[in-house]
Amino acid sequence: MDRREFLMSTGGGLGGIALASLLQNDQLLAAPQTNTQTLHHPPRAKRVVQLYMSGAASQCDTFDYKPALIKEHGKPWTPGEEVKLFQSSPGNTMQAPWKWKQYGDSGKWLNECVAPLGECVDDMAFIHNMVSKSNVHGPATFMQATGFILPGFPGMGAWISYGLGSMTDNLPTFVVLPDPRGFAPNGAANWSAGFLPASNQGTIIRPNSQTPISNLFPASNDFITRQSDRDVQAALKQLNRRHEQERAGDSRLNARIQSYELAAKMQLQAPKVLDLSNETKSTLNMYGLDSVDFEVQEGISEQAEIAYFGRNCLVARRMLEQGVRFVQIWSGADNGFPRRNWDSHEDIKRDHWPLGRGMSIGAAALIKDLKQRGMLDDTIILWTTEFGRMPCSQGSKGRDHNPFVFTNWLAGGGIKGGTTYGESDQWSFKPADPANPTMCYDVHATILHQLGIDHEKLTFRHNGIDRRLTDVHGHVIKELIS
């Protein structure tokens with residue numbers, strides 16, 4: 001069974017539309033056709049950027065304004081029930097270290113920590129009653145990235161890549177821009193293709209590295225020359241075709257060949273996309289970049305966070321312009337010391353200020369940049385983290401894990417800006433309505449809906465189960481759709 005036969009056998013689901021895309025690219029579709037990329041209904045968006053805050057960003061120090069925390073600051077925290085925390089006992093009620101202010105026509109409250117996003121709140125939709133199934137970084141990170149707390153499942157970008165295919169022949173469909181200090185918990189498993197075809201996994205690009213894409217070019221001062229590289233490729237092509245002829249019906253080699261063909265095309269296209277030298281000074285300044293050259297630090301500083309996240313956001317915009325469908329940008333690495341992520345057990349003020357300023361400057365620039373280029377209308381931006389942090393102190397300055405409530409926000413792609421859906425309680429401890437929390441399944445279902453996909457029909461048969469991104473859960477949050 002070749003690729004087209006396999007896709008046809010999947011019927012009216014994702015395989016059908018992926019096949020239509022392939023046939024369209026090969027000019028084999030009968031004309032005229034009406035938006036062959038549409039799966040189940042006309043889409044409002046065609047691209048997604050996921051901004052992932054690794055380590056658990058604190059909702060009550062950024063986006064979830066709670067006057068009770070200010071009023072009761074320093075007093076014993078009494079939520080009316082026994083509280084068991086991840087690695088501490090509940091301390092006193094603790095307000096944010098910085099002040100709050102209302103922004104935009106919507107009057108949305110933001111903390112000074114993320115004030116640069118104040119210019120964009122009327123384009124943003126906030127969800128304050130998110131809940132996680134785990135208070136451990138690894139499983140909770142998996143959940144927000146893949147919809148499951150266990151390893152082995154495809155990331156959201158892989159599902160979207162599988163379902164909608166590529167919009168460019170020269171760049172990957174799914175690109176991952178990690179924090180330059182390293183990977184978040186779970187590493188590359190967060191953007192794995194899981195049981196989907198391997199071609200749908202995320203491609204890692206490190207804009208701050210001397211070699212942003214690993215193995216794309218021969219190493220300098222190596223024994224490989226351009227001529228020897230061409231000779232090896234020609235010989236390899238002959239061997240591959242001989243191998244293929246001897247194994248009729250096995251499409252795995254053909255898929256591998258296609259990945260190498262994409263790599264060859266990327267040798268021409270990727271360096272242009274990553275070259276920021278032709279960006280205007282005003283654009284660089286908007287992203288907080290006085291220079292595109294800077295050293296990676298081990299710990300956290302405001303200047304470094306602005307540079308890391310701003311550059312990744314600018315590269316993401318350039319990727320989207322060239323047809324990349326899904327870009328995942330990470331803020332924060334693993335749980336090492338000194339701190340290099342959002343896991344502020346020891347000192348919220350020390351960690352969250354530089355991380356929050358870096359994130360908010362870059363994210364605000366991305367929203368404004370896409371909007372002025374007419375791309376925000378069909379690009380969804382999702383901001384998330386694996387869980388939140390507690391309204392009480394850990395020690396005197398930090399906050400422990402809070403899986404019971406945290407915040408997500410979305411912008412663009414038909415999302416209703418200036419809105420808030422789902423409130424937390426007076427403490428930002430749990431959902432105000434415990435019977436109706438919002439889960440990652442609902443956010444994923446809503447994003448797929450905006451891309452023209454019915455999340456219940458986005459399935460892949462694996463081990464006798466029709467798996468999907470939203471497992472057996474999820475509903476489209478219609479209140480967030482314009």
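Just after helix H9 comes Gly323, a residue with a positive phi near 105°. Keep in mind that this is a predicted model, and let us walk back from that glycine into the helix itself. With 20 residues at 1.5 Å a residue, H9 should span 28 Å, and its end C-alpha atoms lie 29 Å apart, which agrees. Of those 20 residues, 17 are buried, so H9 is largely enclosed by the rest of the structure.

**The sheet and its helices**

What does H9 pack on? The helix, residues 302-321, lies on the sheet, where it touches strands E1 (47-53), E5 (174-177), E7 (326-331) and E8. Its direction makes about 180° with that of E7. Helix H10 also packs on the sheet, with E1, E4 (124-130), E7, E8 and E11 as the strands it touches; the angle between the directions of H10 and E8 is about 170°.

The sheet is open and built from 8 strands with mixed pairing, in the order E6-E5-E7-E1-E8-E11-E4-E12. Which strands stand at the edges? They are E6 (203-204) and E12 (419-421); each has a single partner strand, so one side of each is left without a neighbour in the sheet. Further in, E8 (residues 379-385) and E11 (residues 406-411) run antiparallel and are joined by 3 bridges. Here Ile381 stands opposite Ala411 in E11.

**The nonpolar cores**

Ile381 is a good residue to click on next. Beyond its neighbours within four places in sequence, Ile381 is in contact with Val49, Leu51, Leu366, Ile367, Leu370, Leu376, Trp409, Leu410 and Ala411. Ile381 is also among the residues with the most contacts inside the largest nonpolar core, a group that includes Leu51, Leu117, Met319, Met359 and Trp409 too. That core has 54 residues, and its largest share, 9 residues, comes from H10 (residues 348-372). A second, separate core of 44 residues includes Leu39, Val48, Leu469 and Ile477. In soluble globular proteins, nonpolar side chains tend to be buried together.

**Salt bridges**

Charged side chains are the other part of the picture. A search of the whole structure finds 23 salt bridges, and three of them are set out here.

| Pair | Closest N to O | Exposure |
|---|---|---|
| Glu321 and Arg373 | 3.2 Å | Glu321 partly exposed, 34%; Arg373 partly exposed, 35% |
| Asp343 and Arg389 | 2.9 Å | Asp343 buried; Arg389 buried |
| Glu346 and Arg350 | 3.4 Å | Glu346 partly exposed, 32%; Arg350 partly exposed, 43% |

Which parts of the chain does the Glu321 and Arg373 pair link? Glu321 belongs to H9, while Arg373 sits in the loop between H10 and E8, 52 residues apart. Salt bridges that share partners also join these two with Glu279, Arg317, Arg318 and Asp369 into one network.

The Asp343 and Arg389 pair has both of its residues buried. Asp343 lies in the loop between E7 and H10 and Arg389 in strand E9 (residues 388-389), so their salt bridge ties together parts that are 46 residues apart in sequence.

Key: Residues numbered from 1 in each chain as written. Predicted model: local features only at pLDDT ≥ 70, side-chain atom pairs only at ≥ 80, totals over all residues. Heavy atoms only, no water. Core = buried A, V, L, I, M, F, W, Y, C linked by side-chain atoms within 4.5 Å. Buried < 20%, exposed > 50% of the residue type's maximum accessible area, 1.4 Å probe, protein only. Helix = DSSP H or I, 4+ residues; strand = E, 2+ residues; numbered from the N terminus. Contact = heavy atoms within 4.5 Å. Pairing = 2+ DSSP bridges. Axes fitted to C-alpha atoms, helices over the stretch in contact; angles between N-to-C directions. Salt bridge = Lys/Arg side-chain N within 4 Å of Asp/Glu carboxyl O. Expected span 1.5 Å × (residues − 1).
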